[in-house]
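The following exercises are to be worked with the sequence and the three-dimensional model at hand. Each task is followed by a solution in steps.

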Amino acid sequence: MKFGIIKERKSPPDKRVVFSPDELVVLSEKYPEAEIKIEASDVRIFNDAEYASKGFQITNDVSDCDVLIGVKEVPVDYLIPHKKYIFFSHTIKKQPYNQKLLQAIIDKEIDLYDHETFVDGNGKRLIGFGKYAGNVGAYNCFRAFGIKYELFNLPKAETFPDKAAIISKLKKLVLPPVKIVLTGKGKVGSGAKEILDAMKIKEVSVENYFSKNYNEPVYVNIDVEHYNKRKDGKPFEKTDFYANPSEYVSDFERFTEASDIFIAGHFYGNGAPVILSKEMLAAADNRIKVVADISCDVAGPIASTLRASTIAEPFYGYHPYEGREVDVHHPAAIVVMAVDNLPCELPKDASEGFGQMFLEHIMPAFFNGDKDGVLKRAQLTEGGKLTKRFSYLSDYINEKENVPHI
């Protein structure tokens, strides 16, 4: 089987790649029957020479490959018909901006596998960049804090060679005794927590977070049971919350009254309650002045996330009393960080970590007959039609026959 590592063509440029040169060496040793070609690129974090030095062919033509692997969406004009593609298509939530992409994949009879849809038998995601989003999001949080209070001026994360250099820079900061609330205990939340712990910021319990004053910065890492409550006053039950989210409302206001910084690293499911509302942000006792929304659900659970920001311009101000965007230096502004492609700022670490996961969880399926169904579960399209699992997308596109493949 012949695999092609394709060039990233989406703008703005993304330096990430699924496999580093060293990981491709491991892949080749583990699966000697796999043939690998590298599409020439002047963008990715590992240059062509680094791949060539490991014995891999660099080419401008990958049309003879069976499986083409990338990170971000492939522009429609570069899609090769009748191939297997693996990349983040950003279509499974019916994103309007990629409707034409999915239609082109159908028209060109491409078999599409989405990184986001690689899950185990229990529906748990097998690969992702979430940890690295958490890493960079936490770093950007402190960049925003330094700007808000004119305490320090941190450079962009993308200017550092790796995560270790970012942590080294953060360790040199002298912070006032702020209180930080971090939501989420998945990959994103744990990535942010990794940075806070590396900075030696003290983690405290929910009880102590509210009841004690500290002369040093502290943080609390909370999950859904801490910031949601039942409407009828009955005890919180996590399984019931996920099954019946409409029966719950936000209990986050108590954190707004105690916190200076909010790092949002949670997963937000459909139908779940708003977490941080306009009313909470406009309340006289709201203390939050920096919101780092790593999850970045626009028009979602965080009222201050008016739009996604960019790596070039990562911050904007939110006026809590008027509910509108203002300059970050406006006296009333809450500084918002809502970059939706944070791992791009840590391309080396993100690529290496992602490649390890892909090698462990996905590659075996190509050589064991997909005995665990990893590829089958992840496949969106086959032979010009949607697969059964993704037939719900049929009204999102206009298939030739408008009949989902069963």
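**Exercise 1. A residue with positive phi**

Task: Determine whether Glu109 is buried, partly exposed or exposed, and locate Glu109 among the helices and strands.

Solution.
Step 1. The model is a predicted one. In it, Glu109 has a relative accessible area of 31%.
Step 2. A residue is buried under 20%, exposed over 50% and partly exposed in between. Glu109 is therefore partly exposed.
Step 3. On either side of the loop that holds Glu109 are helix H3 (99–107) and strand E6 (111–113).
Step 4. The backbone of Glu109 has a positive phi of about 55°, although Glu109 is not a glycine.

**Exercise 2. A second positive phi**

Task: Decide whether Asp370 is buried or exposed, and state which helices flank its loop.

Solution.
Step 1. Asp370 belongs to the loop between helix H13 (363–367) and helix H14 (374–378).
Step 2. Its phi is positive, about 55°, and Asp370 is not a glycine.
Step 3. The relative accessibility of Asp370 is 17%. Since the limit for a buried residue is under 20%, Asp370 counts as buried.

**Exercise 3. A cis peptide bond**

Task: Identify the form of the peptide bond from Ser11 to Pro12, and place Pro12 in the chain.

Solution.
Step 1. The omega angle of the bond from Ser11 to Pro12 is near 0°, and the bond is cis.
Step 2. Pro12 sits in the loop that runs between strand E1 (2–5) and H1.

**Exercise 4. The pair H1 and H12**

Task: Describe how helix H1 (residues 21–30) and helix H12 (residues 347–361) are arranged, and list the residues that meet.

Solution.
Step 1. Two packed helices are described by the angle between their axes and the distance between the axes.
Step 2. For H1 and H12, the axes come within 9 Å and cross at roughly 15°.
Step 3. Angles under 35 degrees count as roughly parallel; H1 and H12 are therefore roughly parallel to each other.
Step 4. The crossing of H1 with H12 is right-handed.
Step 5. From H1, Glu23, Val26 and Leu27 take part, and they meet Ser351, Glu352, Gly355, Gln356 and Leu359 in H12.
Step 6. Sorted by class, the residues of this contact are three nonpolar, three polar and two charged.

**Exercise 5. The pair H4 and H6**

Task: Apply the procedure to H4 and H6: at what angle do their axes cross, and which residues make the contact?

Solution.
Step 1. The axes of H4 and H6 come within 6 Å and cross at roughly 45°.
Step 2. H4 and H6 are therefore oblique to each other.
Step 3. H4 passes H6 in a right-handed crossing.
Step 4. On the H4 side the contact is made by Gly130, Lys131, Gly134, Asn135, Ala138 and Phe142, and on the H6 side by Lys187, Val188, Gly191, Ala192, Glu194, Ile195 and Leu196.
Step 5. The classes in the contact of H4 with H6 are six nonpolar, four polar and three charged residues.

**Exercise 6. The buried face of H5**

Task: Find which residues of helix H5 (residues 163–171) are buried, and where around the helix axis they fall.

Solution.
Step 1. Lys163, Ile166, Ile167 and Leu170 are the buried residues of H5.
Step 2. Seen down the axis of H5, these residues fall within an arc of 95°, so they line one face of the helix.
Step 3. An α-helix has 3.6 residues a turn, so residues three or four places apart point the same way.
Step 4. The cover over the buried residues of H5 includes helix H4 (130–148), helix H6 (187–198) and H12.

**Exercise 7. Contacts between distant parts of the chain**

Task: For Ala133, Phe366 and Asn60, which residues beyond four places in sequence are in contact with each?

Solution.
Step 1. Ala133 lies in helix H4 and, at 11% relative accessibility, counts as buried. Beyond its sequence neighbours, Ala133 is in contact with Ile294, Leu342 and Pro343. Ile294 is 161 residues away along the chain, yet the C-alpha atoms of Ala133 and Ile294 are separated by 6.8 Å.
Step 2. Phe366, in helix H13, is buried at a relative accessible area of 14%. Its contacts outside four places in sequence are Met1, Phe3, Val67, Ile86 and Leu375.
Step 3. Asn60 lies in the loop between strand E3 (57–59) and strand E4 (67–69) and, at 70% relative accessibility, counts as exposed. Apart from residues up to four places away, Asn60 touches Glu39 and Ala40. The C-alpha atoms of Asn60 and Glu39 are 5.4 Å apart.

How values were computed: Residues numbered from 1 in each chain as written. Predicted model: local features only at pLDDT ≥ 70, side-chain atom pairs only at ≥ 80, totals over all residues. Heavy atoms only, no water. Axes fitted to C-alpha atoms, helices over the stretch in contact; angles between N-to-C directions. Helix = DSSP H or I, 4+ residues; strand = E, 2+ residues; numbered from the N terminus. Parallel < 35°, antiparallel > 145°, perpendicular 65-115°, else oblique. Left-handed = near helix turned anticlockwise from the far one by under 90°. Contact = heavy atoms within 4.5 Å. Nonpolar A, V, L, I, M, F, W, Y, C, P; charged D, E, K, R; others polar. Buried < 20%, exposed > 50% of the residue type's maximum accessible area, 1.4 Å probe, protein only. Arc of directions from axis to C-beta.
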